Amino acid sequence: MDFVTYEELAATPVETLARTIAFLGWPEKPPGLIEQVVAYGSFENMRKMEEGNVFDSFRLAPPKNGDPNAFKVRRGKVGGYRDYLSAEDIAYLDNYIAQHLDPIYPYQAEQAAAAGNR
């Protein structure tokens, strides 16, 4: 395991987290613990916690105006940025990544686009 992408973690969270834990050399975890961790950190649970202000924090509280775009946990959609950025902005970012991201990371815009279409 060289790196983990957001898209991979979204597609296979239990497996990806288990591989990451093994890569870090952490001790083996009890059966079901990784599944519990993934469930706790799921979009649905995080959104529910934000809506209920579970952390009793003004920084993590739900928006007072109810605007769905004001939530910290908004949509849980891989590639959702495409719904907010123009084609020109996306092309600029893709080019910037291609020009400036360290080539040791084999991450390509095409991979992100394909993952976002799942």
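Start with Glu8 and Arg19, whose side chains meet in a salt bridge, with 2.8 Å from N to O. Glu8 sits in helix α1, residues 6–11, and Arg19 in helix α2, residues 13–24, so this pair ties together parts of the chain that are 11 residues apart in sequence. Side chains of opposite charge can pair when their charged atoms come close. Please keep in mind as you look around that this is a predicted model.

How open to the surroundings are the two partners? Glu8 has a relative accessible area of 22%, so it counts as partly exposed. Arg19 is partly exposed too, with a value of 35%. Arg19 also offers a handy way to see how the fold brings distant parts of the sequence together in space: from Arg19 to Val4 there are 15 residues along the sequence, while their C-alpha atoms are 9.6 Å apart.

Now step back and take in the whole chain. The protein chain has 6 helices and 0 strands, so you can follow it from one end to the other as α-α-α-α-α-α. It has 118 residues, and 19% of them count as buried. If you take the contacts between residues at least 6 apart in sequence, 33% join residues that are at least 24 apart. The chain exposes about 8900 Å², and carbon and sulfur atoms supply 58% of that area.

Let us return to the charged pairs. A search of the whole structure finds 5 salt bridges. One of them joins the side chains of Lys72 and Glu50, with 3.8 Å from N to O. Lys72 lies in the loop between α4 (43–51) and α5, whereas Glu50 lies in helix α4, so the pair ties together parts that are 22 residues apart in sequence.

Which of these two partners is buried, and which is partly exposed? Lys72 is partly exposed, at 43% relative accessibility. Glu50 has a relative accessible area of 5% and is buried, because buried means under 20%. To see what surrounds Glu50, leave aside its neighbours within four places in sequence: the residues in contact with Glu50 are then Leu60, Ala61, Pro62, Pro63, Phe71, Lys72 and Val73. Its salt-bridge partner Lys72 is thus found in that list as well.

A further salt bridge joins the side chains of Lys77 and Asp83, with 2.8 Å from N to O. Lys77 is partly exposed, with a relative accessible area of 44%, and Asp83 is partly exposed at 42%. This pair does not stand alone, for Arg75, Lys77 and Asp83 are linked in a network of salt bridges.

Next, turn to a buried nonpolar residue. Ile34 lies in helix α3, and its relative accessible area is 15%, so it counts as buried. Which residues does Ile34 touch, once its neighbours within four places in sequence are left aside? They are Val14, Leu17, Ala18 and Ile21. One of these, Val14, is 20 residues away from Ile34 in sequence, and the two C-alpha atoms are 6.3 Å apart in space.

The helices you have met so far also help to frame an open space. The largest pocket holds about 610 Å³ and is lined by 19 residues. Tyr6, Ala10, Gly41, Phe43 and Gly76 are the lining residues that lie nearest its centre. Helices α1, α2, α3 (33–40) and α4 each supply at least two residues of the lining. Which helix gives the most to the lining? That is α1, with 3 residues.

Finally, look at the surface for a nonpolar patch. It is formed by Tyr81, Tyr84, Leu85, Tyr92, Leu93, Tyr96, Ile97 and Leu101, which together have about 750 Å² of accessible area. Ile97, one of the members, lies in helix α5, which covers residues 87–100. At 34% relative accessibility, Ile97 counts as partly exposed; this fits its place in the patch, because patches are made of residues with over 30% relative accessible area and no salt bridge.

Conventions. Residues numbered from 1 in each chain as written. Predicted model: local features only at pLDDT ≥ 70, side-chain atom pairs only at ≥ 80, totals over all residues. Heavy atoms only, no water. Helix = DSSP H or I, 4+ residues; strand = E, 2+ residues; numbered from the N terminus. Buried < 20%, exposed > 50% of the residue type's maximum accessible area, 1.4 Å probe, protein only. Contact = heavy atoms within 4.5 Å. Areas by Shrake-Rupley, 256 points an atom, 1.4 Å probe, with all protein chains shown as cover. Patch = residues over 30% accessible without salt bridge, like charges linked within 9 Å, V, L, I, M, F, W, Y side chains within 5 Å. Salt bridge = Lys/Arg side-chain N within 4 Å of Asp/Glu carboxyl O. 1 Å grid on protein atoms, 1.4 Å probe; cavity = no way out; pocket = protein on both sides within 12 Å on 5 of 7 lines; lining within 4 Å. Points joined across faces, edges and corners; volume = space filled by probe spheres on them.
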